[in-house]
Structures are given as structure tokens and as C-alpha cells.
Amino acid sequence: MKKHLAWILALITVLAVLAACTTGSGNDTTDGDTTVTDPATAEPTDAPTEEPTETPTEEPTEVPTEGETTVNPDDIVDTDPPETEAPTDPYLEIDGFALDHERVAKQFSGASAMKAERVEKDGLQVVKIYSTAASQDPFIFFNSQNYCTAKKLGKFTADDYQYVILRVKAENCSSAKFELFYCAGAVTGATGECVLQASFDNATEDWQYIVFDMNGAAKWTGLIHGFRFDYQLSTSAADEAMYISHMYFAKNEEEMKQVTQKGLKNPFEVVTDPVVEEKVEELLATPDSAPALDNTKLDAANEDANLDLWFNHAYINNPAEDITSTGWNAYQLRLAKNESEGTHMFLLSKEGHSGLTVSVTPFKNADGVELGTELMYGYYFDDVEGKTLVDPIPWVKDGQTFDLAAGRSYMYIIKATSYLDTPAGIYTATVTVKDAGGNEIKKATVSAYVWNFTLPEETSCKTQMDLSWYNIYYSHECWDGDDSLLYKNYYDLLLNNRVCAYTLPYNEDGYFTDSRIVEYLDNPRVTAFNPLGWTVRENLESRVPAAYAFLSQKQEWLDKSYFYLVDEPLNKSHLDQINQYGALLKEHFPGYKMMAPEHVNYVWDKDSTVDNFSYVQDSINVWCFKPYFFTTYEQAKYDRRLTYWMTPKLEANLGTFAERMYKEQAEGDELWWYVTRRPESPEITLLMETEAIRHRILFWQQKLYNVDSFLYYLANDWYEMAENNGVNKKYEHTDGFDAFDCYGNGVLLYCGQDFDVYGGVESIRLETVRDGIEDFEYLTILTELYGKEVTDAIIHRLTTSLSNYNTDTDNFTDLRVALGNIIEATLAEREGK
């Protein structure tokens, strides 16, 4: 009897094992312990009717939530403690696993036109995912939690890891973007809020790594359940496949690089020429022509020990919470003739002060010659990434009083402006702070040294920005108009800062019937404008010939004319519009110049020989793009923080973006670049939270990359105008694969209504943009004197690429002072000869 009982028990055990192994062959699977429900067929994501090989959208793919694959963590029942396998896999140096288990394919479900199989590839057992039919958005879900249970690997928690890495081999892939939808913690199904995007090499047959940076992914927390793989973002053929051998979880950047950078050569390494370096070192040793700064503290007539005063560079935006003095009791500005430069002065009250006045005397030299002198104060915004920051800088009015709370710093801006005929040499001004009773309680000296060379009125770096007429007149409540005076005041404020708006004052949408516009057409500071005005596209058959008839009176007016008719094309219909406008301009505006700013790029054929740029090559002759297009795949692979919008196949077939653009430039086309809210650091934008020095570095990078000019989409993109006339920090949050917060995008001017100004109020960022444009002029003069190799070698002391730059303000100050000294000494020497 016992013998028979033993056989019966053994048979029951075998049957139970067989049942466990066969469960899940239908639509509802229970592999491991987690229940995964096969979703209903998902709708394809939005894509252009022209069927590009990459989805024409900067946002992540929209994901249908109803019927999506989900993982229910409550269904997990661990009958036995997991046994961790010894990591004998030579590819597993950090946490992760190989996708080699015999049940791996069963952990893939919820597919849309995609299938998973376990296959052998290059001597390894791997999973192959591939399109089963031509589809606009193939995808498949991988239940990593079940898989780890099957392999007895335990559980992975998202909070422990900053990177997810896939080791893959691509086969016949037309796209070079991989979208990864992650499910962790409370998120049990693919959603558009939990998606990241990364690039891969679609031109190689080698194994490679795809890295997803989870830093900043708000819902990357809790137990990791699974991932949806979308390695083809748009229309794909049935033969496009991806082999995946391993999935890794890296705790930090060091671990990520340990896996992904083996054997990689640093593509950013700068190869120096000893002869050039020797010349640069000789130039940087040029003696300083300015007198040394006397940092002696001045005592006011009624010195107040409870009030501290110090100075700092204008390319540092110190928050109010920063109460550490620099120890600079005085400051010396450096500027060429026809230039503006400023410094920041800070006051710190230890016990609180009220009714203070601040004033500054004009900068004067020993002969009584004056520089333009301005005094502004910092208007603070609360909670800009946890800091209290200045951005608007209104002018201090006569008799204006200030109340200073204890324990926080207050910024004032002192600016000097030299003119074309300003004599070189030293100028001094005195700052005075008085209490409510009119007693002098603080005093300091600011000096300005003017080099003996001149910046031209016509800047080498041309500029274009929109200036919203509607926002201006709405915020000032000027409903009946004022004969364009308000708009003129705003335009002139930009122009004083070497920035040109798209639309000139007195513009009549291309008909030029107001003769007052000639003043601007003849102004050398006006380097670029849109002949039709911004967004004017109607009646082009009459407007364009009328514009040409008027502007062709002077070649310089034609040279300043830039058409901008299509913004950031996303699909072929937009690109076709560009070509249609190009044909019209060729007929009615000979020698026209047209731009169409590009922020994304799509491949339009299977062989990767046509993209956005090549599609409009015969129509566009002013190429305007975001700086990140210069990033090559080798650079993006080495520095995973960088944005990459080309593809390796495009680079192989058409050349790198830089090679293509420099060829266009050599044939007479212009190169412009622009920034908006994207991308994030380390690539530089003009956002409020970005270190102020980076705004100036951006223009040094522009010179390094040989880009001619700079565009910004809007100078007064004000929010909440009905509440505060747009005087706010303009907070924005974006969701999706690049979710982040940003402040001040598209706002370089503020409405003057709240400050009793019939016009605009500058921002700190407009100041740094102007200074960056003037830095660009220094570098242009240096190039004319010593050539591009020497200039680039000097720029390399500050920045070598879009992601590699030095924000140390002392280093920047030394370089800029050296530039001025070099130019002044060289011109003096050559003029003497």
C-alpha cells in the first residue's frame, strides 16, 4: 500500500509541474505569479500621412490607457524565498539579467504587430522582437517582474537605480529612436507620463547599448514590474528586428559608464597644435593696460555697521538667500568703445532697513567726459527651483525708496555705456546709499576702463526675435492705439541691446507705406527683419512683389530681409509649404533669404537618404536649427546627456550635420541657431534658472561652431497678463519622456506698466544676451587678426563642445579681459607700423 501511495504522490507531482508549465499559452497568462492581461488591439499613434520613418512629434507617443497591458502587484505570491543566481555571465558586471531563459518569450505580451522569440545569436541565447507586419506603431510589453521570478533573481526596486540599459543588436531598422515605457510602483500599465526615449545606431551590425536616463522620471519609484518596448516609432517594415541579450540597472553614472563606455574613444578630445598653443600662450600674456583696482573700503559720512555692501560680476545671478559677501568693496568694468557692461551691487541688512535711497554719479574721466550711466534694481521672483531670483531689472527713479528685510541680499545693477567717440581710459562713478533721514550710510566706487578699440554698430552676430504687438497693447490696456509708439519703445529697447525683432516699427505687412520705416532700414544696428512681418502669409502674390519693389531701392535693405514663413516643420506637408514659398520668392524676390527653424528631423525614405534638411535644400538658404543638431552619434553615445536628432544611417549616407551645414555655408548660405525651453542641461538655453554665465558661454559656443547668427522665438511671451501684466516667473512643466520644469521661456522683456514705464523693462537675461553678442564681436575681431585656429584655441579655455564648458566666473573674467588686452595691443602695434 505504501509503495502504491508513493507512486500516486509522484504522479500527482508530475501532473502539477506540467500544468504549471503549460498555463499561459492562451490570451491570459500567469507565468510566474503575476497576472498579465493581454490588451485589446491598440490604436496606432498619430503619424503623418506621408509615413516618415520617424514619428513627427517632439512629445512622447500617445498611449491608449484602456485595454493596455497591466501588471497587478497584488497578484504576486512568493511561495518560497527567491534564490539569487551567482553572476557568472561575463556581460553582467552590475545589477541586471540576461534574456536567455527558456521561458523568456512567454514574458512578452500585449503586442501590436510585434512578436518575441527566444533565439540563438552570436553564440548567446537572446530574445528577438520583430515586426510581424508593416505598422505605424509596433510595440510589445515585457513582464520583467515575472521573468526575474522565473530566474529566481529576486526583485528590483526603481528607487535604487538611475539608468536602465539594454544590450541590443539592431537589424534592418529605419528608425534610430527607442521608446521605453516603464511600469513601477503604482504604475502597472504603459502611460504617456512614464516614457523615455533614447537613440541607437541603426547603421551597425554590432552589439550596442541603449541607455535610458531615469533621473527626473517622477514615477520611477517602487517595485519594477515591466517595460513596453517601442523601438520603431512610426511606420516600420516586417523585417525590422531587435535582438536583446541583457537588461541592466545602473545605480549611478559611474556604473552606467562601466557597462557602456568600454573601449570607447572620447570624441570630444581636443587635439592641440603646439605652434598654435605657443602663440595663444604668448597672446594671453599680453600686459593689462588698465590700472589695478583699488579694493579699499570707503567709509560713508554716517557709516552703518548693520548694512553690508559688496559687488559681483553681472554674469552671476545670486539668489536673495545668498548672503555671503564677495569681499569686493569696489568693482572695475571693462569695455570697448560702443559697448555696454554692468556689475551687480548687493546690500544686506542685518536688522532691517526702510526708506533707503540708492544713487550713482555718472562715470567720468579726468577730463570730465561721461559714459552713459544707468542704475537698476532687482525685482525678485519667489521659488524658482527653490531660490528667490531676480529677472526684471527696472530703472531706479529719482527719490525712489527701498525697504530691506533682514537676512537677505538685495541686488542693484550699475551699467556703463561707451560711445563710438568715447576716449579710451579710466572712468569712475560713486554709489551712495542714504537712510530715510537723508544721511549717507554707505559709499563705494565703481570704475570703468575703456579699451582703445571700437565695436561696430552693425553686429557680426545678426539676431531675430518676435515681439508680440498684441501682448504689448493688451498689457498696457492701450485699446485705441498710439500710432505705434508703444511698439516702437519696446523695439528700441531691444535694439539698444543689439537685438532685432522680426517686425520693424511702422511695418505695413510688406507694403511699406509709412515713410518713418526708412529710419530703421538705414540703421546699421538693424541687421535683420522680416519684410512681411511675423506670421503674415496671406496675399503673398501681391505682398512679396510690393516688398521687393520698395526694398530693392537699396541693396543693404535687401541684405537685411529674411523671410520666415514656416515655423518648425513637423511633416511633409510643412516641408512642401516651404518649397512652395521658395518657388514664389524665386519668382518675385530675386536673391531672397528664407529660414524655417528646425527642432526635429525625420527620415523620409527607407534608405535614409532624404531628411527634413535635404528635402528643402533647394528652397532654404538660411539654415536655422537648434544647437544639438551638431551632436554626432559617437558624441551622443559617449555623453548620454546630449540630445541627438540625426541617425547613424543619415550620417553614413549624407555626412554629419556639421559637414552638411558647412558645405552649405561655403556655397553662400547662412547658418543660424536658436534655443527655447528644450533641451535641458548641459546644453544651454536662456531659461531663468540657468546659470547666468552660461548665457554668455552660448555665444562663445556659437563662434566655436562657426554659426553666423542667433534667433529666439519671442521676447515677450507673457503669461497671466490679465492678473499681473505678465510680470511673473512664467513657470511651465512638461510631461513625457523629457519631463522638466522651466521658468521664463520666451521672456527677455517685461511689461513696463507696473513700473510706470511706457515701454519695456529689461531682464538680467537680456543683459547677458547683449553681452554675449558683444563677446561674439570680440571673437570676430580676434579671428580677423589671428585666424580661426587661434580663436578656437582661446575659446577652448572656456568651452570645447555643447556639453563641456567651464562656468568658473574668474576663468571667464580672465579670458574676456585677455581678449580686450590682446585686441587693443595688436591694433596699436599694427597701426604703429
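1. A good place to start is a single residue pair: V168 sits across from Q208 of β11. Please keep in mind that you are looking at a predicted model. The pair belongs to a longer match, as strand β8 (residues 163-171) and strand β11 (residues 208-213) run antiparallel and are joined by six bridges.

2. Stay with β8 for a moment, since it has another partner. Nine bridges link β8 to strand β13 (residues 241-250), again in the antiparallel sense. Here R167 is the residue to find, with H246 of β13 opposite. How many of the nine residues of β8 are buried? Eight are, and the strand is mostly covered.

3. Next, have a look at an open sheet of five strands, ordered β4-β7-β12-β9-β10 and paired antiparallel. The edges are held by β4 (108-112) and β10 (195-199); each has a single partner strand, so one side of each has no neighbour in the sheet. From one strand to the next, the twist averages 20 degrees. As a general reminder, strands of a sheet pair through backbone hydrogen bonds, either parallel or antiparallel.

4. To see one of these edges in detail, follow β4. Three bridges pair β4 with strand β7 (residues 139-142), and the sense is antiparallel. A handy landmark is S112, which has F139 of β7 opposite.

5. β4 also leads to a salt bridge worth a visit. The side chains of K151 and D100 meet there, at 2.9 Å from N to O. K151 is in the loop between α2 (144-150) and β8, while D100 is in the loop between β3 (96-98) and β4, so the two tie together parts that lie 51 residues apart in sequence. Are the two partners buried or exposed? K151 counts as buried, at 8% relative accessibility, whereas D100 is partly exposed, with a relative accessible area of 27%.

6. There is another open sheet of five strands, with the order β15-β24-β23-β17-β21 and mixed pairing. Its edge strands are β15 (331-337) and β21 (402-404); each has a single partner strand, so one side of each is left without a neighbour in the sheet. The twist here averages 30 degrees from one strand to the next. At the β21 edge, strand β17 (residues 353-360) and β21 run antiparallel and are joined by two bridges. H353 is the residue that stands opposite L404 of β21.

7. Which helices pack on this sheet? One of them is α17, which touches β15 and β24 (440-454) and has a direction at about 30 degrees to that of β24. Helix α19 (residues 809-832) also packs on the sheet and touches β15 and β24, with its direction at about 45 degrees to that of β24.

8. α17 has a helix for company too. The axes of helix α17 (residues 764-786) and helix α18 (residues 788-795) come within 7 Å and cross at roughly 135 degrees, which makes α17 oblique to α18. From α17, the residues L779, L782, T783 and Y786 take part, and they meet K788, V790, T791, I794 and I795 of α18. Sorted by class, this contact has six nonpolar, two polar and one charged residues.

9. Now for charges. Across the whole structure, a search finds 47 salt bridges. One of the pairs to look at is R770 and D771, whose side chains meet at 2.9 Å from N to O. R770 counts as buried, at 1% relative accessibility, and D771 is buried as well, with a relative accessible area of 2%. Salt bridges with shared partners join these two into one network with E339, E341, E374, K415, R696, E762, E767, D775 and R816.

10. Finally, here is a salt bridge within one helix. D492 pairs with K488, and their closest N and O atoms are 2.8 Å apart. Why are D492 and K488 separated by about one helical turn? They are four residues apart in helix α6 (residues 485-496), so about one turn lies between them. Since buried means under 20% relative accessible area, D492 counts as buried at 19%. K488 is buried too, with a relative accessible area of 19%.

Definitions and conventions: Residues are numbered from 1 along each chain as its sequence is written. This is a predicted model: local features need pLDDT of at least 70, side-chain atom pairs count only at pLDDT 80 or more; totals for chains, interfaces and linings use all residues. Side-chain values use heavy atoms; hydrogens and water are left out. Two strands pair if DSSP finds at least two bridges between them. Axes are lines fitted to C-alpha atoms, for helices over the stretch in contact, and angles run from 0 to 180 degrees between N-to-C directions. Angles under 35 degrees count as roughly parallel, over 145 as roughly antiparallel, 65 to 115 as roughly perpendicular and the rest as oblique. Contact means heavy atoms within 4.5 Å. Ala, Val, Leu, Ile, Met, Phe, Trp, Tyr, Cys and Pro count as nonpolar, Asp, Glu, Lys and Arg as charged, and the others, Gly among them, as polar. Buried means under 20% relative accessible area, exposed over 50%, partly exposed in between (1.4 Å probe, protein chains only). A salt bridge is a side-chain nitrogen of Lys or Arg within 4 Å of a carboxyl oxygen of Asp or Glu.
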